[in-house]
Amino acid sequence: MELVCPAGTPAALRAAVDAGAHCIYCGFADETNARNFPGLNFSRSELAEGVGYAHARGAKVLVAINTFPTAGKESLWHSAVADAETAGADAVILADLGLLAHTAQRHPDLRRHLSVQAAAANPDAINFYAQAFDVRRVVLPRVLSVEEIAAINREIDVETEVFVFGGLCVMAEGRCSLSSYATGRSPNMNGVCSPPEHVDYATEGSDSVARLGGFTIHRTPKGGVAPYPTLCKGCFTSGDKTGHVFEDAVSLDASKLVPRLAKTGVTALKIEGRQRSRAYVAQIVRAFRAVTDALADGRDPPALALARLSEGQAATTGAYAKTWR
Amino acid sequence: MPEPIGNVTIPRLFTAPMHILPLWPVSIALSRLARNLLRTHPEILRRIDKYQNHHFELDITDLPFVLRLDPARAQLRAFRRGAAPASDARIAGSFAAFLAMLHGAEDGDTLYFSGALQIEGDTSAVLALRNALDDAELDLGAEIANALPFLAAPLRQSLAPLERLTGLHLTRADTTPEVY
């Protein structure tokens with residue numbers, strides 16, 4: 001199975017390649033990708049150098065251009081696709097129908113993957129993207145069980161890629177506008193779920209407080225375990241109950257499910273975390289490479305101990321094996 | 001099981017004399033280090049981008065002073081805790097946590113999740129600085145030797161044994177710990 005690993009910077013890309021990534025995904029330093037954070041991402045020349053580094057070591061590079069173009073500003077997304085092809089990218093990861101059509105028509109030789117942001121979660125949707133735009137691989141949303149993934153794979157003729165570690169989006173990806181209500185911005189249009197300019201951390205008495213758009217979404221004892229300041233994992237009072245209304249502050253860790261995912265016909269395993277450092281990338285990639293190598297050799301995969309690196313320092317198998325509230 | 005790096009602190013035996021240490025020579029040495037570092041790694045300022053004119057307070061909680069970084073002017077100055085001018089953003093954590101993050105041995109978000117690192121103020125500026133420094137793959141010993149050549153030989157001889165003795169990440173991590 002192919003291991004698809006994140007890189008937010010050229011240093012992280014090199015760390016991922018050196019740690020054994022089969023494939024690295026990254027994005028340009030603008031709103032064309034869904035990890036548009038300050039100080040992160042690649043210039044055109046950095047991407048070309050990164051592709052050279054990866055290819056020289058047998059790894060591939062995928063470029064995420066997976067936000068939805070703004071009317072009147074399509075040229076930013078079109079030039080991103082053209083520049084990814086010029087840099088030698090092995091594929092682009094797209095979500096928008098118009099951008100998929102543009103890429104299929106203008107860059108027919110550039111391999112197209114469907115981003116998780118397209119939220120294609122059933123065979124009809126996936127087959128449409130495959131037939132209309134010759135999409136070769138679909139990144140499945142993190143809302144499906146292992147059995148549902150197996151059923152989908154039986155009815156489609158394209159590769160599937162599933163998330164196995166990292167931040168856990170629990171919404172219909174590419175459709176979630178939750179953060180727009182608090183900040184006016186969203187991951188789909190602006191590439192950021194919790195725009196950092198709207199995030200405010202403060203100390204109040206003995207508590208650390210996190211606010212998004214002025215709304216307090218977390219209050220933890222100072223020095224205690226802290227999550228990302230996202231609304232879907234915020235701690236709220238609803239009626240007479242206080243807790244995580246949407247989802248607990250945990251990360252996905254499906255490492256134990258990899259053998260079952262392999263049997264469903266999944267082609268690639270994806271690790272989330274382009275916003276993380278090169279230290280995180282190297283540790284996670286090395287751990288999951290041991291899992292894929294063990295599977296390829298017919299051995300039992302090693303047990304991983306990755307909770308320390310996770311949001312909330314706790315892990316879940318997400319929807320792969322989940323009973324919803 | 002080893003102590004989490006965020007909990008490792010400098011023994012008071014070493015920090016006590018720093019309470020009476022005059023800070024102006026520390027500021028001169030640190031600013032020289034910052035100038036050299038930003039000159040030899042121009043990509044840092046490019047990644048910090050529009051936050052170059054921001055001021056960052058680096059509160060190394062087991063030292064008796066705080067550092068204030070002004071990237072645009074390549075200044076890194078020491079102030080007694082509580083006496084530093086206001087900054088746009090504040091990052092607080094132990095010396096061990098800062099070193100581990102700078103040297104690529106620990107992930108900044110992981111330190112934040114565990115409470116070993118706290119941030120306040122302009123979150124965008126903090127992210128820009130963190131990402132710029134992570135991409136630069138710095139080795140603090142090499143940077144100090146470059147800025148202050150008279151320290152090169154003693155650093156070369158002492159860093160590796162000190163690292164083994166203290167458990168601090170005193171050199172750049174080219175390999176990461178096994179997690180399985």
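In this predicted model, helix H7(B) passes helix H8(B) in a right-handed crossing. H7(B) covers residues 140–147 and H8(B) covers residues 152–166. Two packed helices are described by the angle between their axes and the distance between the axes. For this pair, the axes come within 9 Å and cross at roughly 165°. An angle over 145 degrees counts as roughly antiparallel, and H7(B) and H8(B) are therefore roughly antiparallel to each other.

Chain B also holds an open sheet of 5 strands, in the order S3-S2-S1-S4-S5 and with mixed pairing. Strand S3(B), residues 75–80, and strand S5(B), residues 117–121, stand at the edges of this sheet. Each has a single partner strand, so one side of S3(B) and one side of S5(B) are left without a neighbour in the sheet. From one strand to the next, the twist averages 20°.

Strand S4(B), residues 89–93, shows how both senses of pairing come about in this sheet. With S5(B), S4(B) pairs in the antiparallel sense over 5 bridges. One residue pair to look for here is Ala92(B), whose bridge partner in S5(B) is Gln118(B). With strand S1(B), residues 56–60, S4(B) pairs in the parallel sense, again over 5 bridges. There, Phe56(B) has Ala89(B) of S4(B) as its bridge partner. S4(B) is mostly covered, with 4 of its 5 residues buried.

Elsewhere in chain B, helix H2(B) spans residues 23–40 and contains Arg35(B). Is Arg35(B) buried or partly exposed? Its relative accessibility is 46%, so Arg35(B) counts as partly exposed. Arg35(B) and Phe65(B) are 30 residues apart in sequence, and their C-alpha atoms are 21 Å apart in space.

In chain A, an open sheet of 3 strands has the order S8-S9-S10, and its pairing is antiparallel. Strand S8(A), residues 199–204, and strand S10(A), residues 215–221, are at the edges. Each of these two has a single partner strand, so one side of each has no neighbour in the sheet. Neighbouring strands of this sheet are turned by 20° against each other on average, direction ignored. Between S8(A) and strand S9(A), residues 207–212, the antiparallel pairing runs over 6 bridges. Within that pairing, Thr203(A) has Ser208(A) of S9(A) as its bridge partner.

Strand S14(A), residues 268–271, is another part of chain A to follow. Ala268(A) and Lys270(A) point one way from this strand, while Leu269(A) and Ile271(A) point the other way. All four of these residues are buried. Which strands run parallel to S14(A)? Strand S1(A), residues 2–6, is joined to S14(A) by 3 bridges and runs parallel to it. Strand S7(A), residues 159–166, is joined to S14(A) by 4 bridges, and this pair is parallel as well. Lys270(A) gives a point of reference for both pairings: Val4(A) stands opposite Lys270(A), and so does Phe163(A).

Helix H10(A) follows later in chain A, at residues 278–297. What length should its 20 residues span? At 1.5 Å a residue, the expected span is 28 Å, and the end C-alpha atoms are 28 Å apart, which agrees. H10(A) is mostly covered, since 14 of its 20 residues are buried. An α-helix has 3.6 residues a turn, so residues three or four places apart point the same way. After H10(A) comes Gly298(A), which has a positive phi, near 80°.

The cysteines are the last topic. A disulfide is a covalent bond between the sulfur atoms of two cysteines. How many disulfides does the structure hold? Over all chains there are 0. Two cysteines of chain A illustrate this. For Cys5(A), the closest cysteine sulfur is in Cys23(A), at 8.1 Å, which is too far for a bond. Cys5(A) is at 0% relative accessibility, so this residue counts as buried. For Cys193(A), the closest cysteine sulfur is in Cys232(A), at 5.7 Å, also too far for a bond. Cys193(A) has a relative accessible area of 30% and is partly exposed.

Note on methods:
Residues numbered from 1 in each chain as written. Chains lettered and ligands numbered in written order. Predicted model: local features only at pLDDT ≥ 70, side-chain atom pairs only at ≥ 80, totals over all residues. Heavy atoms only, no water. Expected span 1.5 Å × (residues − 1). Buried < 20%, exposed > 50% of the residue type's maximum accessible area, 1.4 Å probe, protein only. Pairing = 2+ DSSP bridges. Axes fitted to C-alpha atoms, helices over the stretch in contact; angles between N-to-C directions. Disulfide = S-S within 2.5 Å. Parallel < 35°, antiparallel > 145°, perpendicular 65-115°, else oblique. Left-handed = near helix turned anticlockwise from the far one by under 90°.
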